[in-house]
Structure formats: C-alpha cells, structure tokens
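The following note is offered to a colleague who is meeting this structure for the first time. Please read the points with the sequence and the structure at hand.

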Amino acid sequence: MKEEITITIDGVEIKTKTGEFILRAALNAGIYIPHLCFHPDLPPHGSCRVCTVKVNGRHMASCTTPAEDGMVITSDDAELLDLRKAVIEMLFVEGNHFCMFCEMSGKCELQAVAYRLGILVPRYPNLFPQREVDASHPDVMLDHNRCILCGRCVRASDEKDGKHVFELMERGAKTRLGVDAENNLGETNLSIDDKALDVCPVGALLIKDTAYRIPIGERQYDKTPVGSQHKGNK
Amino acid sequence: MALELRNQAVNVNEIVSNHGTERHHLMNIVRDAQDAFGCVSGDTAKAIADAMGIHMVEVEGVVSYYHFLTRKPSGKVTIYLSKGAAPSINGVRELTSVLEEVTGSKFRKSGADDAVGLEWTSCIGMSDQEPAALVDGVVITNIDADKAGSLVAHLVNGGDPKEFSTETGDGKNSSDRIHAMVNNNIRKKGEIIFGDRIVGDAIRKLVAMEPSAVLDEVKNSNLRGRGGAGFPCGLKWDFCLKNEAANRYIVCNADEGEPGTFKDRVLLTEQPELVFEGMAVAGYVLNAEEGIMYLRAEYEYLYEYLLNVLNKMREANLLGCNIAGMDGFNFDIKIQLGAGAYVCGEETALLESTEGKRGEPRDRPPFPVSNGYMGEPTAINNVETLSAAARIIEKGADWFKSFGTEKSAGTKVLSVSGDVERPGVYEVPFGITLAELLREAGGENAKAMTVGGPSGKIVSSADFGRRIAFEDMATGGSMVVFGPDSDILQIANDYMEFFIEESCGRCTPCRVGTTLLTRHLEKIRAGRGTKSDINYMINLGKVITGMSRCGLGLTASNPVLSTIENFSELYDGLLTGEEFVPIHDMDLAVRIGREIANFN
C-alpha cells in the first residue's frame with residue numbers, strides 16, 4: 001500500500017512513505033524541524049504552529065501535512081525562522097513563564113526551542129494572565145500558569161492511558177486545560193505513572209517530591225540543544 | 001418557564017435515550033439539556049457522560065465551547081443582546097444601560113438569582129433590524145427603550161418569550177410555524193435566487209438527466225461558492241465523486257455567522273424548497289442518500305418551519321425514496337442545529353460540530369471531499385450556492401451565465417446594513433460597483449464600508465468604484481455601511497474583539513495574536529501610539545495570517561490591516577511624536593493603585 005516516495009527538504013532529498021507526515025519523515029531522516037505540540041508517540045495536533053514549513057510555497061504545519069512524492073519543502077529560511085520565533089514568543093507572553101525559578105528549566109521544551117532559535121526576549125508584551133495552580137492531587141501538581149495548551153496530555157491520557165483525564169475547555173483567548181472531575185485534579189483517576197505526565201513539554205504537570213533531583217546546569221538541554229541529534233535548523 | 005418546573009419535566013436519561021448514546025449525538029443532547037434545565041451543570045454533564053459512556057470532561061469541553069450552552073444559568077431567563085457594528089449604529093449602547101436599569105442585572109455578570117439575565121452575543125443575523133436580541137430562541141427586533149421595558153416586564157411576570165409580541169414580519173415570517181417579528185427586507189429581487197419558480201421544478205428536471213450531465217451543467221455554469229471563498233461548485237462535486245465510498249454526504253452550510261450577513265435567513269424563510277432542492281441536486285450527482293443542513297442556533301426560530309417544509313416535500317415525493325418517480329433516487333435531509341460559534345461556519349469545524357464535538361477546524365488535507373462527515377466523502381456548500389445550483393438545473397447553465405461578469409457568473413445576494421436608508425437584502429448581478437450598491441440602498445454619504453464583514457475589508461470611499469466579483473472584491477455578502485460620523489477605528493476594535501471571542505483557541509497565532517493586536521490598537525486609540533506601533537501591528541498581522549490553522553486566523557487581522565491600508569490618516573492623526581511609548585501605562589497603573597488604596 002504505502003509506496004516509497006522522495007521529498008526534498010531544504011535541498012536534501014529524503015525517502016519516506018506515502019502519507020507519512022512531513023515532520024516525522026524529516027525527523028526520521030535526521031533533519032530537525034522545530035516543534036512543540038508534536039510528540040513522537042502521539043497523533044499530531046497541529047496547534048502550536050512552530051513546525052510550519054513552506055510546501056510548494058504554501059505555509060503548512062509539517063506535523064499534520066502528509067508527504068507526497070516530489071514535494072519540495074522549505075524549512076530553514078529567514079522568514080520561517082522569524083515566524084516560528086514569533087509564535088514561540090506568543091506562548092511565552094500568553095502564560096506566566098518564569099524560567100529562572102521553574103523546576104523544568106533545562107528540561108523544558110518551550111525553553112529549549114526558544115534557546116535553539118535564538119530568542120532572547122519576547123517581542124510582545126506579557127499578558128500576565130491570572131491562572132490557578134491545582135495541587136489537589138496527592139502526587140501531581142497542575143500549574144496552569146505554565147500550560148501552553150499543546151494538548152499532549154489530552155492525547156496521551158486518552159490514547160495511551162485510556163483515561164481521558166484532560167480536555168481543552170472554553171475557546172478563544174479563554175481556552176484552558178480542563179480535568180475530568182467536578183472540581184479538580186485530585187478527583188480524577190490520574191496516576192503517577194501515566195503517560196500524560198510524561199509528555200508535558202513544560203512545567204504544567206509536575207510530579208511532586210521529585211523537584212531538583214538533577215541540579216540545574218546538568219539537565220538534558222543544559223548540555224546539548226534540543227534536536228541536536230538531528231542536523232538542520234539553527 | 002420557571003427553572004424548577006423544567007427540571008421536573010425531564011431527566012437526563014430520557015434526553016440521552018431520545019437521541020442515542022453514540023458520540024455524535026452529544027450536541028443534540030447538551031442542547032436539550034440546556035433547554036430543559038436552563039444550563040448544563042457539572043451534575044448534568046456527569047449524568048450525560050455516564051449515560052453515554054464517555055467522560056464528563058468531554059461533555060464539559062463541548063458545553064464550554066458554545067456560546068448558548070452554559071454551565072451556570074445567567075438569570076431565570078436570559079436576554080442575549082446582539083453586539084457589533086450594525087447594533088452600534090442603531091443605538092445598542094444606549095439600550096445597554098436601559099436594559100441594565102430595568103432588569104437590575106448586569107451584562108456578563110448575571111447569575112441564577114436574576115429574574116432576567118443579560119448576556120452579549122455576536123451578530124445574530126438581524127443587522128437590518130437592530131438592536132435585536134434572542135430570548136430562549138425567540139428573536140426580538142428593533143428594540144428601543146419602550147420595547148425593552150415591556151419585554152422585561154413580560155419576562156419578569158413569567159411570560160413565555162414566544163408570547164411577548166403579536167407583531168409579525170413580512171412574507172412567511174407571519175406564517176404559523178415561524179410567527180416571528182423578523183422582517184425579510186428584500187429590497188431587490190434578482191432572477192436567480194428570488195426569481196419566480198414552481199416548487200419541485202429543479203427536481204423534476206433533474207430526474208430527466210443523467211447524473212454526469214447534471215454535473216457537467218453545474219461545471220459549465222461556472223458556479224462558484226457563495227460563502228466568500230469562491231471554490232468552483234462543480235469541481236468540488238467532481239472531487240467528491242472521485243472518492244470511492246459506500247456513503248457520501250451533502251452538507252448545507254446554514255451557519256452564516258459573519259457579522260452583518262443575514263441573506264441566508266431570508267433565503268431560508270422565503271425559498272427553503274429551493275435550498276433543499278439544491279441539496280437534492282448535489283445528492284443526485286454524488287449518489288448520496290443523506291443530506292444535513294447545519295443551521296446556526298440563532299436561526300432556531302426557523303427550525304419547526306423548515307422541518308415542516310421537509311415534510312411537505314416528502315409528501316410531494318420531492319424527498320425520500322424514489323424521488324419524482326425515479327427508481328432508486330433516494331435522498332433525505334435532516335437539520336442539525338448549532339449552539340453559537342462563528343467558527344463553525346468554517347466547513348471542517350462545522351463537520352466537527354455536526355459530529356457532536358468542539359467546533360475546532362480540522363487539519364487539511366484531507367479535505368471534506370475525501371474525509372468529511374463521519375470520515376466519508378462530503379460536499380459542503382453554502383445555502384446560496386445550493387439554491388443557485390437548483391436554478392441552473394431548472395434553467396440551464398447558459399441562462400445562469402447571462403448574469404454577472406465573464407469570471408463571476410450569476411448573481412450575488414448581499415446583506416446591506418448600517419448607515420443606509422434601506423437596509424436589507426439585495427440580489428444583484430456580479431460586477432456591481434460599491435457606489436451603485438450604495439445608491440440603491442440609500443447610503444451615498446458613506447465614508448467607509450465593510451465588504452465581507454470583519455473577516456473582509458473595511459474600505460474607504462476611494463474604493464467605492466470597485467466591483468463585487470471574484471476578480472475584484474470577492475465576498476460572502478456582508479456589507480455594513482458607515483456614515484460620515486463613524487469612528488472607523490472603534491469599528492476595527494469591535495471587530496477584533498469579535499475575533500478574540502470567536503477564535504476556537506486551538507492554534508497559537510490566532511488565540512494569542514488577536515489579543516496582542518487588539519491591545520496595540522487600543523494603545524493607539526488612547527493616543528499613546530507611535531510610528532513603530534504601526535509597523536509592529538503590520539508584522540504581527542503577518543504572523544497571524546501566515547501561521548494560523550484555518551481561515552478564521554487567516555483573516556482575523558484584516559480589521560487592523562485593512563484600516564492601516566485604507567485609513568492611514570486616522571492612525572497618523574492619533575500618533576504621538578515620541579520615539580517609543582511602552583504599552584504598559586505606568587501613570588494609569590499608579591492612579592488605579594492609589595484609588596484602590598484610597599491614597600489621594
């Protein structure tokens with residue numbers, strides 16, 4: 001069924017299968033396209049838009065666009081770099097992200113992608129929203145201040161854990177992460193070994209009593225930038 | 001009806017069993033629950049989830065998404081007052097304070113204890129008779145202070161909103177099954193959509209033709225989508241046909257939510273058979289047996305009427321089995337009501353909503369022609385497009401092409417409102433200039449107008465020579481006219497607020513960018529803007545346009561970008577001479593802080 005096809009990313013020809021998403025094909029071929037809401041173990045979500053590339057000149061999210069034979073894709077150019085930075089900066093100002101005292105600093109994907117793309121400070125003013133911390137669960141803390149609404153936990157809890165603990169609620173600028181309970185996370189059947197906790201790219205879902213076991217400075221992205229196993233983008 | 005009474009009458013299990021436990025029934029179930037209980041509380045959501053075998057958070061995700069579904073009641077009965085450009089022009093701001101005074105409630109702050117709650121809602125499709133409101137699905141139009149007072153008095157006394165007024169509008173609005181005070185305001189009838197016809201003519205003609213000949217006729221007519229995007233109708237059907245499938249679906253997009261548009265309201269009132277015949281034409285071409293009309297919640301007052309029209313068409317053998325005596329031509333139509341979400345007019349969001357989910361647009365590809373409703377190939381067309389398709393079958397492609405321009409065949413039904421003497425619906429041939437339209441509608445004094453609503457462009461009189469046509473200004477038909485005294489940047493600001501509320505919130509650039517853009521517009525309007533803020537807004541607009549997931553994000557910056565382009569002098573007049581002014585107004589913050597601290 002799935003035939004082998006060839007696509008070109010930034011002038012490099014790679015082989016993939018019909019229908020494979022461009023981002024997956026790129027990562028499998030060792031080419032890094034910056035991304036956030038995408039997680040290799042989950043179906044794509046297409047929401048953060050960081051992985052946007054140009055497909056035959058059109059802007060498409062590479063995580064949700066199926067590859068077709070002969071596609072010519074641009075990922076590494078100045079315009080896309082600036083647009084990706086802009087979107088990441090939007091995520092920073094939308095929530096309350098204080099890297100300097102966040103437990104995830106050094107292993108946070110938002111921070112890591114920002115560093116990799118060379119963001120020093122967001123071009124947009126902080127919105128400083130009022131958001132809550134839900135510490136009702138015995139093992140897990142949900143800090144809405146840091147949530148980037150990537151939907152990873154929603155998909156993981158549904159598809160991997162079979163629980164559907166999370167769902168995006170409301171809409172527009174009021175969109176927030178909801179939990180499967182009348183009041184709070186403590187009333188759900190979320191457990192400490194759920195995949196949903198594992199996939200959070202930021203510090204929105206944290207396991208209690210595990211903080212700072214690895215000192216800052218010795219964490220994953222303190223040593224090598226995100227995606228450094230792949231070649232490709234700056 | 002008092003809430004307590006409603007509670008006793010029904011229970012959740014009954015509602016669920018009335019529809020079925022499959023996931024795609026969730027929209028109808030939560031709608032019924034809202035009707036029965038006045039809200040969908042946590043307990044109700046839990047009970048629905050249990051009865052359907054899904055999770056409570058799934059129910060709440062849906063309920064929280066749609067404007068007319070609420071988790072807490074806002075009043076024993078709620079007045080949803082329409083806001084936007086046309087309401088503003090017709091005095092909704094003054095009405096706001098009147099309503100707050102007579103109800104004792106506050107907009108956005110109404111609670112269960114209020115006898116009459118007050119909520120805002122985006123355009124309800126009554127721009128030609130604003131201020132207007134919805135109360136339990138009943139449309140109240142042309143509201144002045146007197147009418148507001150008597151409405152509230154009626155509701156406070158426990159009156160049924162349906163019985164508030166005996167006043168009915170023109171045409172079929174006065175028929176038993178509509179009985180609404182809505183007026184059609186058809187100011188100009190064209191040959192195609194509002195031309196005289198006999199019900200069933202399109203279907204009778206249809207069955208004498210091969211499906212492939214019908215498709216060819218539609219293709220030859222050059223009919224393009226009337227929702228605004230202008231995709232060739234025949235080509236869409238052809239794509240859909242080429243996808244092998246056991247089932248195909250025809251979906252009619254009757255979710256016209258673009259502020260300022262109301263033409264489908266009139267079409268559905270006066271020519272519903274034509275619309276349904278158009279769906280049958282599509283069904284015949286695509287060998288589909290099921291059609292779904294997605295009707296916006298704001299038009300629920302037409303629901304019973306439309307169901308009755310469908311019944312009459314079945315009785316006349318224009319729908320159902322072996323239609324018009326043709327063996328094996330089976331096609332029927334059901335109506336799916338929405339629950340208040342502009343973005344559901346986007347075709348893939350509409351499909352999600354029809355499947356009982358949050359109305360978030362889907363990733364494309366795949367397109368609905370291959371993976372549409374329930375994953376099956378689906379043709380989604382606008383109300384007006386389907387009507388035109390039926391007429392093309394009746395009268396032929398050549399006749400259709402005799403109207404309009406070479407590249408834009410046929411007519412366009414326009415919704416005209418705002419500062420004009422004759423607001424209403426105009427069916428005009430493509431190619432008409434904005435100036436000609438303004439003359440017909442009595443709006444020659446206009447200094448600006450919106451072509452295509454907030455997602456379209458705000459143009460100045462310099463552009464009034466331009467034409468309504470795919471080759472010049474393509475539009476779904478929302479034309480809001482602004483007179484000499486209008487505050488154009490206030491309008492742009494209102495339009496941006498609209499997008500902030502109506503964005504589905506899934507993708508970053510639209511969810512965050514609309515807020516950021518609005519803040520800068522507000523900064524400039526407050527007289528604190530600098531030249532660099534204009535560039536900032538242009539660049540931010542490019543990010544939102546270039547990175548968003550669907551058409552809403554693609555166009556959400558237009559109110560700012562089109563006014564920067566067409567009204568640069570308004571911006572220039574507001575800029576300070578300074579090099580840089582921070583967006584955070586420190587003086588204001590200190591002043592507010594001192595007031596809070598009582599430190600003067």
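1. Directly after helix H25 of chain B, B:Asn598 adopts a positive phi of about 55°. The helix itself spans residues 586-596. At its start, a side-chain oxygen of B:Asp585 comes to within 3.3 Å of the backbone nitrogen of B:Asp587. The reader should bear in mind that this is a predicted model.

2. A positive phi is also found just after helix H4 of chain B, where B:Gly53 takes a value of about 70°. Within H4(B), the buried residues are B:Gly42, B:Thr44, B:Ala45, B:Ile48, B:Ala49 and B:Met52. Viewed down the helix axis, these buried residues fall within an arc of 160°, so they line one face of H4(B). The face turned away from that buried side carries B:Asp43 and B:Asp50, both exposed. As for partners, the buried residues of H4(B) pack against helix H2 (12-19), helix H3 (26-37) and H5 of chain B.

3. The contact between the two chains deserves separate attention. It involves 46 residues of chain B and 42 residues of chain A. The area buried between chain B and chain A is about 3,500 Å², and carbon and sulfur atoms account for 59% of it. Of the area that chain B buries against chain A, 20% is supplied by B:Val57, B:Arg511 and B:Met547, more than by any other three residues.

4. Polar and charged pairs also link the chains. Three salt bridges are counted between chain B and chain A. One of the pairs in a salt bridge is B:Glu502 with A:Arg171, whose closest N and O atoms are 3.2 Å apart. In addition, 21 residue pairs are in polar contact between chain B and chain A, with both residues at pLDDT 80 or more.

5. Which helices of chain B supply at least two residues each of the side that touches chain A? They are helix H4 (42-52), helix H5 (56-65), helix H19 (488-502), helix H20 (508-525) and helix H21 (531-547). H20(B) gives the largest share, with nine residues. By residue class, the side of chain B that touches chain A divides into 18 nonpolar, 14 polar and 14 charged residues.

6. B:Phe499 is placed in helix H19 of chain B. Is B:Phe499 buried or exposed? Its relative accessibility is 0%, so B:Phe499 counts as buried. Apart from its neighbours within four places in sequence, B:Phe499 is in contact with B:Tyr342, B:Pro454, B:Ser455, B:Thr514, B:Leu552, B:Thr555, B:Ala556 and B:Pro559. The C-alpha atoms of B:Phe499 and B:Ile124 are separated by 15 Å, while the two residues stand 375 residues apart along the chain.

7. A further buried residue is B:Ser408, with a relative accessible area of 0%. B:Ser408 belongs to the loop between helix H17 (397-401) and strand E10 (411-418) of chain B. A polar atom of the B:Ser408 side chain lies 2.9 Å from the backbone nitrogen of B:Phe470, and a polar contact of 2.5 Å joins the side chains of B:Ser408 and B:Glu471. Leaving out residues up to four places away in sequence, B:Ser408 touches B:Phe403, B:Phe430, B:Ala469, B:Phe470 and B:Glu471.

How values were computed: Residues numbered from 1 in each chain as written. Chains lettered and ligands numbered in written order. Heavy atoms only, no water. Contact = heavy atoms within 4.5 Å. Buried area = accessible area lost by both parts, 1.4 Å probe. Salt bridge = Lys/Arg side-chain N within 4 Å of Asp/Glu carboxyl O. Polar contact = N/O pair within 3.5 Å; in protein donor to acceptor, adjacent residues only side chain to side chain. Helix = DSSP H or I, 4+ residues; strand = E, 2+ residues; numbered from the N terminus. Nonpolar A, V, L, I, M, F, W, Y, C, P; charged D, E, K, R; others polar. Buried < 20%, exposed > 50% of the residue type's maximum accessible area, 1.4 Å probe, protein only. Arc of directions from axis to C-beta.
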